[in-house]
Structure formats: C-alpha cells, structure tokens
Amino acid sequence: MDSFSQHGAGGGLSRSSSRAEAEDLQGYHSSSPSSPVPNPKANPKESALSAAVGMMTLEDRQGSNTAVQIPDVVLLHVTGADVTHTFTDRAEGVITLAVSPDSATLFGGGQGAAINEWSVGEGGEGFLLRHSVPDAHAGWVWALVVSPCGTVLYSGSGDHTIRMWAVNQVPSEPPLLRQVLEGHRDAVCSLALSPDGAYLYSGSADMTINVWDVSAGLDRRPALLQSLAGHTGYVSSLKLSSDGCTLYSAGMDADHSVRMWRVLGAKPVPPSFANRRGSVGSASDRRGSIGSVQAMSENRRGSGLSRADSGAGPSVPVLGFADRHGSGSGSSPLAAGGRRGSGSGSFAGAAAGGGSTGGVAAALGVGAPAAPTASPFDTAAPAAPECWQLAVLDGHTSGVYTVMLSPDEQLLLSGGEDGSIIVWAVDGAASTGSLVTRVGGAHAGWVKGLVLTPDGRTLLSASSDSSIKLWDVEQKDTDVLAGSGIPLQVTVSPSCTLSVHTDRVQSMRLSVDGMRLYSASADGTLRCWLLK
C-alpha cells in the first residue's frame, strides 16, 4: 500500500491506496499550475453528457438556431459486443472521453494536457484523428462535456480551470479556445451541463461543486453563481436529471457518499428576446445568444453575489446543507455570511444601502421611489439563484467514482473503489433516495465507469481490472413505494465480460443510438465496440 498527499493549491488531503490507483489519483494534483509536468500514469474522470433522442432544434449560443440530427435510439437486449476498430494514434494517456450529440465526433483528453478530436466514420465504425491541441491546458485534462448544440466543448483540468472551446463549426479548424473559467482552488474532476446548455456544474478536488451561467455563449465570460459545499473528498462524478433540476454527485477519498442537490433546471427565456427582432420564439439577443443580461453573479448590487472589489478573483457564497436551513428572518437562503468575507447575509439589508435605487433616492432626500416597472433589461431584477443539498446516500465502503441515471430516472447506479455497484431508488421531486440493490465484488478493481443502454435493460461497467462487464437489469417486483412509482426490487445479473483491454479502462462512453461503445484504456488503445 502506498500513501500520497494532495499537492497544489488545494493541499491538505491524504489517503492510501494500491500503487496503480495512488499514481492515478496523484495525477489530479501533479499537473497543477505549480507543477505542470504530468504524472506518467493516471485514472479516468467521468464527465456527464446527457444523451438526446430524435431530431431536435437546439439553441446555438453562437448566434443561430442549429438543427442537430440525433440518431434514432434502437432499443434492444444486449448480449455482447465486438470490437470493430482499435485506434492507437494519440490514444495513449487518454483518461476522459466525450461524444458529440450526433455521435459523429469523439473528443478525448488526458495526461499530456492535450485535447484530441476524432471524426467517427459512417455508422461509427471507423476513426480518423481530425485535430489535436497539444497544450490545451497546463495540467491533465480530467473532464470533457459537449454542449447540446454540439458547438461548444468544455474541458476541466488539473490546472484548476475550465476552458470553453469552439468546435464542429469548421471541420478544417481545430478546437478554438474562447473562454477560461477560474473559480476552483484545485483540479476540476467532473463536469455536467443542463439539458438546455445554460448552466454548467463543475466538481473539484477542492470538494466543491461550482455553478456557472454559460448561457451567454462563447463571446462573454460565464458567470460563477454559487459554490456548493458538502462533500468531504474530491467530487469525482456528476449526473443531471433530464429536467436539469436534480444533480447527483459522487465523493471520493474519505467521503464515500452520493449526494442529491436541487439545482437550477432550465433557464427561462425573457419574452423580450422574442420581440427584439419581431420574431416569436426567438431566444437570441443581438449576438444570438440566450440571456444578454449577465446579472447572475456580476453587477448585482446588494445581492451578495457580486464579485469582490479587491480583484482577487470571484467572490461567491459557499452553500452547504446547513446554510439552506439557517435561521434568521429575512436572511438569504444561501449563507448567513452572504458574500465571502462580508458580514452581511441579508439581501434585503444589502439592498437598503448604497447601490440600490432606494438608497440613492434616500441620500438625495427625494423620498422613496415608486415601485419600478419590470424591465427585461434591468440587470438587478433577477432573483438570486438557489441550489441546495437534498440528501446524502451512504452505502459504499470507500470512495464513489461514478454515477449514472436510468433512462426513466427512477434508479441511480454508483460504483467506486470498493468494486461494488449499488442501485438506488431516487425521486428528485420528493428529495429521496434509498438503497435497493448492491452488487458486491462486481469487479476485482475500482468501478470507473457506468453506462446504461437507452432501454435501461443492460448496464455496462468499466474497471481498473481491465475489463468491461455487461449486466442484465430487471425490475422484478411490480409493487412500488407509496406514491413514488419507484420499484422496490431490482436485480443486476452478470451477462458477459469483455476482456480485450490489457490495462485499466480509463473512460467509457455510449453513442446516442445506444449501438456503439467507445472505451479508452491505459494500454494505449481506444476501441469501438458494436453492441449485439
């Protein structure tokens, strides 16, 4: 057993593990800004990517409505898989994968701080390395997620930053860096996007989840809305419900927990945007992006969410479970301390001072102003965003590395260091979750990736034991918990084992139609599998 300490700005955590896994986890910190040379070995970080089905018109936040062709989902009972292609060019060191919404492009990031882009051939059966950005970050790339419109790629890194890239706009051009998001104090380990692409959630080795408003697109810096506290280890995986209102997160190190959070859902589109060009239903401002008003974390006087005047970086409230239920009439539900470092936690009290219209009027001795007419262009009008912790699900005996929702979102599956897979019955609306099934010893090593086929009947799990396993998932009892519609009993039975990789499976993603699986391994290969 080897022990190691966390390095970089976040510092202070220590743990012990096997040699391979210890070397893997060190990669989170060995590639921090203070030590940019990457560790030669690493472990995958799963980033959440919501699959979409059918033909959808998604708001392209670069300036137009883009019709994205989504392959039809094929529902089938999977009994195995065959390798159709093995790719080695730039596949070594890949630790995270992301698939575009149309399944035509595969992105990979990893130990060399590079981001690679592969064009997946007709039917998903071939690979062509289209572009490679060798110095995409100053540290390892741990997480990738693609926007619903397929034109923005988000990457999270050991250099503590998230970067936004313009992709899939001109095939001959590589990913183009457009924005750098700073707000975490340690490696960014996991990412998840709301279904409408308006909000980004980032999990970090600093044990927080940051909430970002990215609705303004690539042309404006995203706003950091909140920082959610509660985990006691690094946040290794994030998964959002299809309505964007419930977030599930996994905790590693000494945490061992899965947590449920109430989050922001979809971003409302002000009616004014539809009228600005005289067209009904348009969500575009003059640049064609949703939400020209960027007041969620900037220019909100007296809200407790404005940036610090010192220039030392973003100043945002840190929201924990206790903060949500704090006492004090008229206090902000976010935190008793309001903005970090200030003594005020009341939005009402802050608004009464300088910075509000009323405060200025009082200072001039002209009396209180009349109630203002609601204006879609009033940057002080939006209420403070509000996210909070709903529940803590305990059941794993060591760190939880990955979480996955079933297609009907009644079940949450989790896996991690203890080699087990746990099935939870969850209800985001009721804020409840309970352990239904535990598959002990599912793998001989860590469970590092979980995906479900679109029909929810087949689970695929990837592990540090170098295998990918297929499991039959069956709801055996038709009885349901009172009023919840959640099954009482679920069985997860082994179906077959795919033993082609010769080292740790670093990342695993499923095509949108559910027919093809992509896996990256520490053996230096990237493989495409056809499910059968």
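**Entry 1: Gln179**

I looked up whether Gln179 is buried or exposed in this predicted model. Its relative accessibility is 11%, so Gln179 counts as buried, the cut-off being under 20%. I found Gln179 in strand β13, which covers residues 176–182.

Next I asked myself which residues Gln179 is in contact with, leaving aside its neighbours within four places in sequence. The list I noted is Ile162, Arg163, Met164, Leu218, Asp219, Arg220, Arg221 and Pro222. With Leu218 I could add a detail: a polar atom of the Gln179 side chain lies 3.0 Å from the backbone oxygen of Leu218.

**Entry 2: the sheet with β5**

I then turned to sheets, keeping a textbook point in mind: strands of a sheet pair through backbone hydrogen bonds, either parallel or antiparallel. Here I traced an open sheet of 4 strands in the order β5-β33-β32-β31, and its pairing is antiparallel. Why do β5 (81–87) and β31 (505–510) each have one side without a neighbour in the sheet? Both stand at the edges with a single partner strand each, so that side is left free of a neighbour in the sheet. On average, neighbouring strands of this sheet are turned by 25 degrees against each other, direction ignored.

I zoomed in on β31 and β32 (residues 516–521), which pair in the antiparallel sense over 5 bridges. Leu510 has Leu517 in β32 as its bridge partner.

**Entry 3: the sheet with β27**

My last stop was an open sheet of 4 antiparallel strands, ordered β27-β28-β29-β30. At its edges I found β27 (447–452) and β30 (490–498). The twist from one strand to the next averages 25 degrees. Strand β29 (residues 468–475) runs antiparallel to β30, joined by 8 bridges, and Trp471 has Pro494 in β30 as its bridge partner.

Key. Residues are numbered from 1 along each chain as its sequence is written. This is a predicted model: local features need pLDDT of at least 70, side-chain atom pairs count only at pLDDT 80 or more; totals for chains, interfaces and linings use all residues. Side-chain values use heavy atoms; hydrogens and water are left out. Two strands pair if DSSP finds at least two bridges between them. Helices (H or I, at least four residues) and strands (E, at least two) are DSSP runs, numbered from the N terminus. Axes are lines fitted to C-alpha atoms, for helices over the stretch in contact, and angles run from 0 to 180 degrees between N-to-C directions. Buried means under 20% relative accessible area, exposed over 50%, partly exposed in between (1.4 Å probe, protein chains only). A polar contact is a pair of N or O atoms within 3.5 Å; within protein, one must be able to donate a hydrogen and the other to accept it, and residues adjacent in sequence count only if both atoms are side-chain atoms. Contact means heavy atoms within 4.5 Å.
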